[in-house]
Amino acid sequence: MDALFVPLASTIGASVDQIKLISCLLIACPLGSLFIRIPASQPNLKHLFNLLVSVFFFIPVLNLLLGSVLGTYHIAANVKGPNMPWIVFAFVMGHLTVNHVIRAFYDLSYETFEVTGPQMVLTMKLTTFAWNVWDGRTAPENLDKWQLQKRVTKYPTLLEFLGYSFYFPGVLVGPYLDYASYVSLIDESLFEGKRSPNSTRSIPDGRKRVAYRKMLTGLVFLGMFVVLSPSFYYGIVITPWFMTQGFLYRMAYFQFSGFIERSKYYAIWTLTEGASILTGLGFTGYGPSGESTWEGAANVKVLEIELPSNFKVLLDSWNINTNIWLRECIYKRVTPKGKKPGFRSSMLTFATSAFWHGIATGYYLTFFFGGFITTAGRLCRANLRPLVLPPPGAPTTVTKRIYDWTGTLASILILNYVAAPFMLLTFTDSIEAWRRLHWYGFWMIGSTLAFFWLGGSGFLKAVQKKEGKVAEKVMTPESHVMPPPLDDVAEEFKELQKRMKE
């Protein structure tokens with residue numbers, strides 16, 4: 001089958017795996033238009049359609065994915081105790097880890113597309129399903145809003161479960177979805193009571209308009225990546241050529257390389273979003289002008305990443321569905337009932353996120369440094385931001401604009417610095433890249449933390465008090481792909497010491 005893609009790959013300079021992946025994503029778009037034409041009265045046909053398309057995508061590796069799917073189906077049906085979701089988690093995460101180890105053993109680059117990518121998506125779906133089933137067996141008064149909405153009270157047939165597990169637009173790279181959302185898509189209850197006033201169809205108008213716009217956007221990002229990635233990539237930092245350039249040129253070149261690296265993810269996630277919308281997934285109602293909106297299948301917000309007001313906004317806009325999974329299936333679940341999530345919950349969630357990505361050292365360098373970044377961001381929002389906010393109802397001041405522009409620039413610089421090891425993977429290459437960048441990310445974050453911890457916080461709090469400006473309470477970032485801020489660690493230790501004294 002690879003022979004079909006070799007000529008095209010050679011022509012445009014991409015790998016065969018990349019061409020195969022993009023081909024499958026593009027095929028999914030017209031297939032989405034076919035899928036939605038299957039009437040809601042034929043749900044089994046829709047499940048079968050999902051399964052057959054995914055079989056076509058996964059012919060060489062389908063057996064490696066079926067083990068996790070069938071094992072989860074059996075465990076969730078037959079284990080009735082409260083440990084059932086954790087048994088499923090250990091089973092599917094263990095299976096994923098084995099394949100991560102195999103990938104590392106064969107030293108496959110991140111450009112090589114094999115089973116671990118789809119298996120990461122499948123891990124989110126299967127563990128979410130297990131928790132949804134458990135919530136369906138739990139008294140409603142013991143559940144929160146999300147758990148009530150997503151609980152599974154009727155166990156699916158094997159065909160229904162296979163259709164859910166292999167929902168074809170998101171089976172390769174996401175987005176992942178929960179079982180309740182899948183069922184509402186199949187029976188079209190997602191659209192009940194939301195029909196456009198001018199339409200006689202049960203499915204809202206405007207779906208194709210949004211989907212093909214997403215598809216076009218994805219292709220633009222894909223074209224940028226194909227044309228520019230041979231020259232602009234994080235690995236350029238560790239080439240001899242890079243150090244022959246001037247400092248400012250190197251810094252600018254590195255920042256643009258980061259954008260081109262991310263354009264690959266923008267491309268594939270936007271293409272899958274478009275294909276998902278064509279099947280009917282992602283409908284979120286109507287806009288002010290009456291047009292239908294389809295924002296529920298998004299996994300990335302490009303503008304909020306490339307032009308963020310701060311690092312928290314950036315994190316919350318990247319890999320959105322993974323953040324939801326970590327929050328709902330790990331962060332909340334490891335928190336003892338009746339207690340607020342703390343440092344322990346955050347660290348277990350962070351560890352899950354890191355382990356889910358793989359075993360490469362570069363991942364852990366990125367995540368570990370992220371704890372310091374989130375701490376610095378929190379300190380800036382708590383101590384600096386209140387001083388530049390205009391009074392309620394007043395127009396934005398020049399000082400506030402400068403604060404926002406500075407936050408955007410700092411966020412992009414830090415993003416590219418911390419993300420480089422994530423793409424370089426090895427410890428040696430990551431440290432060498434940081435060295436050639438003169439450790440600028442450490443200088444930025446280290447000097448910020450030193451300023452606040454060595455008296456800056458106290459001074460700025462005094463200024464706030466003098467000017468009558470009270471800081472908003474800064475909560476732990478909603479993003480769970482990074483470790484918790486270090487001040488959460490300090491608060492947890494203080495609480496532990498207090499309990500020990502008692």
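# Salt bridges and burial in a predicted model

Me: In this predicted model, which residue forms a salt bridge with E306, and how far apart are the closest N and O atoms?
Reply: The partner of E306 is R262. E306 sits in helix α12 (residues 302–306) and R262 in helix α11, so the pair ties together parts that are 44 residues apart in sequence. The closest N and O atoms of E306 and R262 are separated by 2.8 Å.

Me: Is E306 buried or exposed, and what is its relative accessible area?
Reply: Buried means under 20% relative accessible area. E306 falls below that cut-off, so it counts as buried. Its partner R262 is buried too, at 6%. For E306 the value is 15%.

Me: Which residue meets E273 in a salt bridge?
Reply: The closest N and O atoms of this pair are 3.4 Å apart. E273 belongs to helix α11 (residues 247–279) and its partner to helix α10 (residues 207–228), so the bridge ties together parts that are 59 residues apart in sequence. The partner of E273 is K214.

Me: How does K214 count, buried, partly exposed or exposed?
Reply: E273, across the bridge, is buried at 2% relative accessibility. K214 has 26%. The partly exposed class runs from 20% to 50%, so K214 counts as partly exposed.

Me: Where do R435 and E432 lie?
Reply: Their side chains meet in a salt bridge, 2.7 Å from N to O. R435 is partly exposed at 42% relative accessible area, and E432 is partly exposed at 24%. The two are three residues apart, about one helical turn, in helix α19 (residues 427–436).

Me: How many salt bridges does the whole structure hold?
Reply: Some salt bridges join up: D144, R327, E328 and K332 are linked in a network. Other pairs include E306 with R262. The search of the whole structure gives 12.

Me: How many disulfides does the structure hold?
Reply: A disulfide needs two cysteine sulfur atoms within 2.5 Å. C24 is buried at 14% relative accessibility, and C29 is buried at 1%. The number of disulfides is zero.

Me: Why is helix α14 (residues 320–331) described as largely enclosed, and how many of its residues are buried?
Reply: The buried residues of α14 include W325, L326, C329 and Y331. E328, a member of the salt-bridge network, is also buried. The helix is largely enclosed by the rest of the structure because its buried residues number 10 of the 12.

Me: Which helices do the buried residues of α14 pack against?
Reply: The residues that do the packing include I320, N321, T322 and N323. Their partners are α5 (84–105), α6 (116–136), α7 (145–150), α13 (311–316) and α15 (343–357).

Me: What accessible area do V98, I102, F105 and Y106 have together?
Reply: These four residues form a nonpolar patch on the surface. One of them, V98, is found in helix α5. V98 is partly exposed, at 47% relative accessibility. Together the four have about 470 Å².

Me: Leaving aside neighbours within four places in sequence, which residues is T293 in contact with?
Reply: T293 is found in strand β2 (residues 292–293). It is buried, with a relative accessible area of 17%. Contact means heavy atoms within 4.5 Å. With those sequence neighbours set aside, T293 is in contact with G282, F283, T284, G285, Y286 and G287.

Terms used: Residues numbered from 1 in each chain as written. Predicted model: local features only at pLDDT ≥ 70, side-chain atom pairs only at ≥ 80, totals over all residues. Heavy atoms only, no water. Buried < 20%, exposed > 50% of the residue type's maximum accessible area, 1.4 Å probe, protein only. Helix = DSSP H or I, 4+ residues; strand = E, 2+ residues; numbered from the N terminus. Patch = residues over 30% accessible without salt bridge, like charges linked within 9 Å, V, L, I, M, F, W, Y side chains within 5 Å. Areas by Shrake-Rupley, 256 points an atom, 1.4 Å probe, with all protein chains shown as cover.
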